[in-house]
Amino acid sequence: MAAKTAAAGHSLCLSIKNLSFSYGNPRQPSAPALNALNNVSIDIRSGEYITLLGENGSGKSTLISCVNGLLAPPPGAVAVFTPDGVRLDPANEAHRWRIRTLTGMTLQNPDPQIIGCAVEEDVAFGPENINLSKAEIQSRVANALMSVGLIHLRDRPPHLLSGGEKQRLALAGILALDASIFILDEPTSMLDSHSAQTILALFDTLNSQGKTIIHITHDHDEALRSRRSIVLREGRVVFDGVPEAWGGWEEWRLGHAGKSAVFSGLGPEAPTAPVAVQFFSASHQYQHPSALPITGIHGVSLRIPRNSTTAVIGASGCGKTTLLKHINALLLPSSGNVVVSGADTLDKRVNLRNLRFRAALAVQSPESALFETYVADDVAFGPANAGLKDAKLVQRVKTAMDAAGLPFAAFADRETTSLSGGEKRRAALAGALAMDSEILLLDEPLAALDNKNKRRVMELIFEQQAKGKTVVVTTHSLEMAAFFDYVAVMDKGRIAAFGPPEAVFGELWNPDWELAAPKFQTVRPAPAHSAERRVDDPLEPPAQPKHRRKAGKPFFKTAFLGRFLDIDSPLRNLDPLMKMALLFVTGTISITGSLYAPPVVLLIVLLGGRLAGGIPCGTPLRSAAAVLPFLLLFVFLQTAFLWGNDSSPILFQPFQTGFFSFFSITSAELHRSLGFICRIASLTAALSLYLAVTPLRETISAINTLLSPLSRLGLPARDIAMMVGISIRFVPLLTEEAERIVTARISRGGKRGLRSSLALLVPLLLLSLERAETLANAMLLRLYKVFD
């Protein structure tokens, strides 16, 4: 049980008096404003541990944004007090930086608030902004990373972290600031039970040291760790007191009667029931080849019965999402086989698009995967791809939205960007429900939901099972998993155990799984024939298809110029400034030299990379080949018209007369086009080699060194270098966002091709703007001053 520090007699650190706040609608200025907060009054003293609760959309995030000045409250409504009693008002822009030195805050979604190019660099960002010494910064970074369990990942690029690891990284960033007030917006929503308990124990330690904790949560047990709970409903405070005294807990808890009220009895027994999904020693590895290959799943053998419910649990990054993506055929195994509804996903004769209509997936991060402008259009995407039209399509969408807790009448015409985090998750769920598929795959469907909507989702799961469907869910909630027919435990990419919950949480339980031991009693008796299977229990593989797809082939290919391979070599260990100079020289020769220069540069790059860097020749060549389609398009446009001063012989002119007679290729155009292709290809290969032997953080450090003389002229060299770094880091971020959108589209029957790529542009642009705004807020919260 947490240490509950009494705050009696402590000084006031935060005072909110009659705070009201409304969001206007810029598209409809005449429409009534949305009241997010209504006459909220709260006093908080130094050293208190407070949990802030409320349903999705009740005003919690708006309230804390008014405290630190991300939103501008009415003057005088909010006051933050320094330790010596100075009153600061977040309505006053001049006070906001000082307020943020006192209030460390994590945002609800960790992705866009990560700033650095490596884990420890991101944690160091805040301390660097307050001009601490290098030794102090290093000490704070190391302590923060050890506190959240990420010290072993200190050099990893943030975009290669799992969702839970990113959440811990965001927390480490504010721990390094050593603020006196910690404002934590659902900091454990994406964490496994063991990691969550570690983080909660950290909050207890901080509170025992006199820190004030304001913890937004939907979790009953987390609320009981605090001495005081404040509950919001429709923007008003409806409870403020000792958490045990609140009378609303029963409506928040999932309860142990949830399943029996909807579905009675156990699901089919695994040894005898028809099979919906089978894995046969299936493995998959991400980022291969690279310096940081990541195992998604390894040697997974699993049989999921039809018309059953299965909960997949495990520590963050153990492979749960990868498992679901293999069932939906978004990923294909690099070895082994996955058979869904009798179809081997590696068999070329199997139409994977049709297979996805039978196994619908609601993705883990719907914040980035809602790609249509309006909610109803997004929900309709899957059934429309399946051929549903007109009134039937509208009815399917209405049914799915109503079932997911987004009433069609109220949300159909809402813009997806206007939804709260919980509402976005329900929209993603509605999109999967609208597919009406045989198999329903839900990736962390309870994360960021209040308990009312958690119960709704639980009821939906068992309603789907009652209709004959198979449901597979990933979750960090062991309480939720206890209601399912089967529980699959994943550990480091492997299936560690599989069986009914009473077996998995009983005789099969292993503390080495790094999960907190369940605290509840078994909710039902064990079946007559246990279906548990240990990791060493093999499944006989199926006959291999004659026409086999390429194993491990991704459906989204990241556009990149090269990956850092981290091969120990003279070129890898060369000073980054020297490597940048070599890149500049080779690039200059490629662009400005004669027509013979690019092939010579390319040969030098290939041989130098192989002999001095250990980089296979295929690495730079693949990067050059990746830009070839764009070069050919440019060449086509360049040769489509006769140049005014081009008197060279025409080599090719397919149409002598008519509309297309302008198209021709002259000897000068051919010479110019070949030169252009060779120059850009050699430059791309050189850049690819540079990136293969130079980590991004070294590049940013070298840029900072190059720009340091500007600081003597009074120019903001560090800010410019940081902006360059953020711009470079935004490439993998946008790639990640694009992958999520593509994943969401393909998982619901979307097609690949030019039309699909064009459809990606608008949502990606909107998400880029949204990410940029959130990133700017994260920088402000971590005490960044523009050119100061």
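The points below describe a predicted model, taking its open sheet, its salt bridges and a surface patch in turn.

1. The sheet is open and has six strands, which follow one another in the order E6-E7-E8-E3-E9-E10 with mixed pairing. Strand E6 (103-106) and strand E10 (236-241) stand at the edges, and because each has a single partner strand, one side of each is left without a neighbour in the sheet. From one strand to the next, the twist averages 15 degrees.

2. Within this sheet, strand E7 (residues 181-185) and strand E8 (residues 212-216) run parallel and are joined by five bridges. A reader who wishes to locate this pairing may start from Ile-181, which stands opposite Thr-212 in E8.

3. Two helices that pack on the sheet deserve a look. Helix H1 (residues 60-67) touches strand E3 (49-54), E6, E7, E8 and strand E9 (228-233), and its direction makes about 135 degrees with that of E3. Helix H2 (residues 93-102) touches E6 and E7, and the direction of H2 makes about 75 degrees with that of E6.

4. Salt bridges number 17 when the whole structure is searched. One of them joins Lys-17 to Asp-43, with the closest N and O atoms 3.1 Å apart; since Lys-17 lies in strand E1 (residues 12-23) and Asp-43 in strand E2 (residues 34-45), the pair ties together parts that are 26 residues apart in sequence. Lys-17 is partly exposed at 43% relative accessibility, and Asp-43 is likewise partly exposed, at 31%.

5. A salt bridge within a helix is formed by Arg-140 and Glu-136, whose closest N and O atoms are 3.0 Å apart. The two residues are four apart in helix H4 (residues 134-148), and therefore about one helical turn separates them. Arg-140 counts as buried, at 18% relative accessibility, whereas Glu-136 is partly exposed, with a relative accessible area of 31%.

6. Arg-748 and Asp-378 also meet through their side chains in a salt bridge, at 2.9 Å from N to O. Arg-748 lies in the loop between helix H25 (717-747) and helix H26 (754-781), while Asp-378 lies in helix H12 (residues 375-385), so the pair ties together parts that are 370 residues apart in sequence. Arg-748 is buried, with a relative accessible area of 6%, and Asp-378 is buried at 1% relative accessibility. Elsewhere, Glu-48, Arg-228 and Asp-240 are joined into one network by salt bridges that share partners.

7. On the surface, Phe-584, Val-585 and Ile-589 make a nonpolar patch of about 300 Å². Of these residues, Ile-589 lies in helix H19 (residues 576-592) and is partly exposed, with a relative accessible area of 39%.

Notes
Residues numbered from 1 in each chain as written. Predicted model: local features only at pLDDT ≥ 70, side-chain atom pairs only at ≥ 80, totals over all residues. Heavy atoms only, no water. Pairing = 2+ DSSP bridges. Axes fitted to C-alpha atoms, helices over the stretch in contact; angles between N-to-C directions. Contact = heavy atoms within 4.5 Å. Patch = residues over 30% accessible without salt bridge, like charges linked within 9 Å, V, L, I, M, F, W, Y side chains within 5 Å. Areas by Shrake-Rupley, 256 points an atom, 1.4 Å probe, with all protein chains shown as cover. Salt bridge = Lys/Arg side-chain N within 4 Å of Asp/Glu carboxyl O. Buried < 20%, exposed > 50% of the residue type's maximum accessible area, 1.4 Å probe, protein only.
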